[in-house]
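Work through the following exercises with the structure open beside you, and try each task before reading its solution.

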Amino acid sequence: MKIVLIVNRKPYKINVEPKRRLLDILRDDLNFIGTKEGCGKGECGACTVLLNGRRVNSCLVPAFQLEGSTVITVEGLRNWKVFKPIERAFIENGAVQCGFCFPGFVISTVSFLKEKSSPVTLDKIKTAFGGNICRCTGYTKILAAIQELADQKDIIDQIQEDWKNEFNARK
Amino acid sequence: MKPNPKNFRVDAAEKLHGKTQYIRDEKIEGLWYGATIRSPYPRARIKDIQFNPDFDWDTVTVVTAKDILNNYVSMLENDMPFLADKITNYYGEAIVILAGPKKDNLDEAKKHIKIQFEELPAILDMLESETSDVKIFGTNNLFKDILIKNGDLEVAKKEADEIVHIEVRTGFQEQMYMEPQGIVALPEKDRVVIRGSIQCPYYVKGALDTMFDGKKEITVIHVPTGGAFGGKEDYPSIIAGHAALLAVKSGHPVAFFFDREEDIQFTTKRHPSYHNDTAYVTKDGKILGLDIQMVLDSGAYCTLSQVVLARAALTASNCYYIPNIRIRAKAVATNIVPPGAFRGFGGPQAVFAIEMLIEKIANQLDLSPVDVRRKNLIGLGQQTPTGQILKYSVSGKETFEDVLERSDFEIKYLDFKKNNIPILEKLSKGEYPKQKRSDVLRGIGIAPSQHGAGFTGTGENVIKGKIRVEINKNGQPVIYSAQTEMGQGEVTAFQIILSEALQIRRDDVIVAEVNTDFVPNSGPTVASRSTMVVGSLLVDAANEIIREFQNRLKENGKIDFEYRQGYFYSGEKIISFKETAKMYSDLKVEKQYEHPPIIQFDDVKWKGDAYPTYSWAAAVAEVEVDPVTFEIKVTKFYTTHEIGKAINYDQAVAQIQGGSLQGIGYALYENIRAENGKFNVQGFSDYIIPTTTEMPDFEVSILENPYPFGPFGAKGLGELPLVGAAPAVVSALWMIFGREFNEIPVLPEDVFSLFY
Ligand code: FES
Ligand code: FES
């Protein structure tokens with residue numbers, strides 16, 4: 001089937017099997033290799049992307065649900081202003097090891113910070129990131145970075161602004 | 001102890017940007033995919049392989065055992081074939097491999113291959129292996145049988161007030177690296193190039209050199225690796241062999257990219273173990289003698305089991321001084337997927353077993369488990385079971401006391417006991433045990449642990465690891481070593497070591513890609529050896545570079561130069577390292593490792609310095625058990641590690657957190673069993689590894705106690721954090737229930753069955 005979807009601000013017209021996974025479309029057809037596959041069954045979060053503003057496991061989304069959708073991968077996030085401070089927080093907290101889970105964590109971080117309303121506790125972060133598995137780190141440093149970001153008002157504001165630029169511009 | 005300033009990792013930004021290319025991210029022109037047809041029986045005779053003529057076999061390339069020149073994976077025993085020929089020895093053993101450009105056509109091809117089997121009796125229980133009529137290996141199915149003796153057990157028996165006995169079991173554990181196994185073989189004229197997610201490129205090269213009988217040149221290139229934990233130590237040799245065979249036969253690059261299910265079902269795991277241990281003790285808890293028997297389920301082929309067994313046996317007394325000891329350890333064959341390396345490498349099994357024995361001693365003699373441990377901890381000048389006298393960098397007592405104090409162990413122990421009394425009473429009376437949400441059972445447990453750093457016994461002297469440092473034309477030193485980055489921070493650590501030894505900026509040190517055409521064999525990236533052993537070579541190289549530059553400067557100007565803080569001085573002359581290095585950019589320095597002569601081991605008699613040194617740790621786990629659901633959760637985890645010197649303090653903490661959580665998973669969640677030889681899990685949904693909801697709060701502390709032969713005093717770290725975590729967690733369950741726990745993983749149903 002033919003579908004049109006927007007990935008990282010660029011529209012793509014593609015011809016795909018209806019059941020082809022968004023993950024394969026991104027990685028194999030469009031060469032957005034930042035998104036990783038850890039399980040292929042919606043169990044690990046390595047393939048997390050933003051689909052129409054919501055975080056999803058791209059290994060679970062079939063092509064036939066994608067017509068007209070907007071997808072953001074880690075490659076797209078790199079252009080957001082808020083990416084710099086997010087990157088810095090993960091680096092300075094020593095959060096990254098093998099890195100395979102990280103594109104997923106970065107996407108989930110943006111989505112989490114965007115939804116954040118009240119002050120964030122560590123327990124809230126733990127619950128929110130239960131779907132992103134990391135085998136290397138023991139999570140402590142990852143969560144410390146996220147907590148640090150959540151506590152900074154200017155970062156939350158920046159996310160809201162970047163988000164608006166990304167999604168509302170096209171509506 | 002003063003933490004170093006944070007040394008941010010050099011590889012973090014690329015990884016966060018999603019720019020780091022793991023093997024599946026590479027675009028390889030004309031790539032074919034590999035697939036495997038596996039045995040559906042634990043043991044069977046292969047009678048016939050039929051290729052249905054209805055299928056167009058020109059669309060794929062097929063390889064079977066008869067296509068292979070030397071059909072064995074070169075490892076310790078050379079008993080494992082790349083492809084089973086007449087007999088298959090485990091469920092999932094590879095029999096036929098095929099490759100083609102399209103995955104669906106490959107699936108179709110697989111359906112058109114019919115293998116006829118005659119099922120044979122199999123060994124599925126490790127304790128039946130030695131006496132079974134079925135012979136998998138040799139005459140008695142023993143891959144290795146080790147006996148270590150020190151002192152005289154008869155003396156201990158005579159003097160003991162009490163005999164304490166326990167049987168202990170530990171299960172399989174899957175490495176569960178986030179990136180599944182992935183290898184690509186690229187055929188060239190007389191050469192095959194292997195790229196992939198590989199821990200030990202020279203292992204793969206050795207295996208392929210042998211497989212092709214030297215008729216192909218082999219190049220192995222390490223690609224950024226998404227975790228390994230031992231799981232990419234020995235296993236990649238097999239699939240690299242498969243990919244290479246198909247690549248040569250088809251003329252196309254061939255990839256084996258396992259999906260999670262294939263990975264979890266058919267690749268190596270941690271060896272399950274059985275222990276039958278007896279302690280001879282005085283009534284105040286001093287251990288006079290230990291009689292230890294352990295068996296490791298080593299699966300259908302030997303892989304690395306002999307060395308895993310050696311480490312398990314050599315770790316059997318953990319951090320304790322035992323005057324009279326006998327350790328009998330066996331690695332037995334079964335018709336199950338061969339286990340292999342996994343962080344800790346036999347240590348976690350051995351340490352879990354003795355820690356449960358200690359709990360039982362305390363329980364049986366009505367002593368405090370802390371006191372029993374404290375009374376027996378080994379110290380400087382005392383002997384290990386191989387008669388090794390600990391001469392330096394011993395911190396079993398210090399780490400133990402540090403973690404006790406930091407965790408307020410003694411106070412919590414009493415508080416938690418008090419908290420538990422009414423809940424336990426209700427439970428044993430069969431009443432509903434929970435009045436309010438906070439009515440949970442609370443436990444606190446402790447376990448010390450140690451890990452011998454570097455290869456076991458004479459291993460380092462056999463492999464004689466070699467590195468090279470070259471100066472490039474920009475005046476930067478470039479490190480050529482075979483050590484691989486799998487996430488543990490090796491590249492950053494090597495930059496730190498060399499730059500500090502040369503007193504130059506970290507960014508001015510370059511670490512070359514690990515390509516066997518260019519890097520010397522510095523040994524595998526295993527056994528917590530990279531920082532300590534290979535790192536010490538880097539310091540040697542740095543000293544030689546400085547000396548060499550001084551010599552050359554002198555030749556040039558006929559005056560002596562002193563080196564300080566990155567500058568060569570002589571009278572009024574001053575020249576920076578970089579300027580000097582640019583002038584002499586042809587310099588190459590090679591260094592080869594050999595044990596300092598005071599380290600001696602006899603691996604026939606099992607006497608002497610089993611490891612050059614040990615790293616030490618002690619962990620305290622606070623645990624909650626819900627009295628209704630019996631869910632077990634570690635809420636706080638304190639651990640104190642002594643690793644000589646932390647080269648990268650922040651990342652050492654990171655290793656400790658990550659390794660500890662794997663150990664917590666080993667204790668409580670990670671449950672995988674071979675049912676009739678077939679593993680009963682498929683992925684993350686049925687093989688549970690800890691997520692953010694299972695993680696405890698970590699309180700990590702690092703003590704320093706330099707090892708005289710490590711770089712700046714550093715010892716090994718990578719494996720230790722996993723080793724002592726499980727016994728600390730289960731120790732807390734002994735404390736809550738006052739009952740014996742002797743098997744991991746401990747699942748809610750195991751606790752439930754104490755009451756119902
Ligand atoms: S790959 Fe999609 S959730 Fe694991
Ligand atoms: S950093 Fe390796 S899986 Fe998260």
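Two strands count as paired if DSSP finds at least two bridges between them. The model used in these exercises is a predicted one.

**Exercise 1. Describe the sheet formed by strands 20, 21 and 22 of chain B, and find which strands stand at its edges.**

Solution. Begin with the pairing of strand 20 and strand 21 (residues 567-570) of chain B, which run antiparallel and are joined by three bridges; since the rule asks for at least two, these strands pair. Within this pairing, B:Glu562 lies opposite B:Tyr569 of strand 21 of chain B. Next, place the strands in order: the sheet is open, has three strands in the order 20-21-22 of chain B, and its pairing is antiparallel. Strand 20 (562-564) and strand 22 (573-576) of chain B each have a single partner strand and therefore stand at the edges, with one side of each lacking a neighbour in the sheet. Then consider the twist: on average, and with direction ignored, neighbouring strands of this sheet are turned by 25 degrees against each other. Finally, look at what packs on the sheet, namely helix 14 (residues 530-557) of chain B, which touches strands 20, 21 and 22 of chain B and whose direction makes about 40 degrees with that of strand 21 of chain B.

**Exercise 2. Describe the interface of chain A and chain B, from its area to the residues that chain A supplies.**

Solution. Start with the area, for the size of an interface is often given as the accessible area lost when the parts come together. Here the two chains, A and B, bury about 4,100 Å² between them, with 58% of it on carbon and sulfur atoms. In terms of residues, 43 of chain A are in contact with 56 of chain B. Turning to specific pairs, there are six salt bridges between chain A and chain B, and the side chains of A:Arg135 and B:Glu670 meet in a salt bridge at 2.8 Å, N to O. On the side of chain A that touches chain B, helix 3 of chain A gives the most, with five residues. As a last step, sort the residues of that side of chain A, which divide into 20 nonpolar, 12 polar and 11 charged.

**Exercise 3. How far apart are the closest N and O atoms of the salt bridge between A:Lys84 and A:Glu87, and how are these residues placed in helix 3 of chain A?**

Solution. First take the distance, which is 3.2 Å between the closest N and O atoms of A:Lys84 and A:Glu87. Then consider their places in helix 3 of chain A: because A:Lys84 and A:Glu87 are three residues apart there, about one helical turn separates them.

Terms used:
Residues are numbered from 1 along each chain as its sequence is written. Chains are lettered from A and ligands numbered from 1 in the order in which they are written. This is a predicted model: local features need pLDDT of at least 70, side-chain atom pairs count only at pLDDT 80 or more; totals for chains, interfaces and linings use all residues. Side-chain values use heavy atoms; hydrogens and water are left out. Contact means heavy atoms within 4.5 Å. Buried area is the accessible area (1.4 Å probe) that two parts lose on being put together, summed over both. A salt bridge is a side-chain nitrogen of Lys or Arg within 4 Å of a carboxyl oxygen of Asp or Glu. Helices (H or I, at least four residues) and strands (E, at least two) are DSSP runs, numbered from the N terminus. Ala, Val, Leu, Ile, Met, Phe, Trp, Tyr, Cys and Pro count as nonpolar, Asp, Glu, Lys and Arg as charged, and the others, Gly among them, as polar. Axes are lines fitted to C-alpha atoms, for helices over the stretch in contact, and angles run from 0 to 180 degrees between N-to-C directions.
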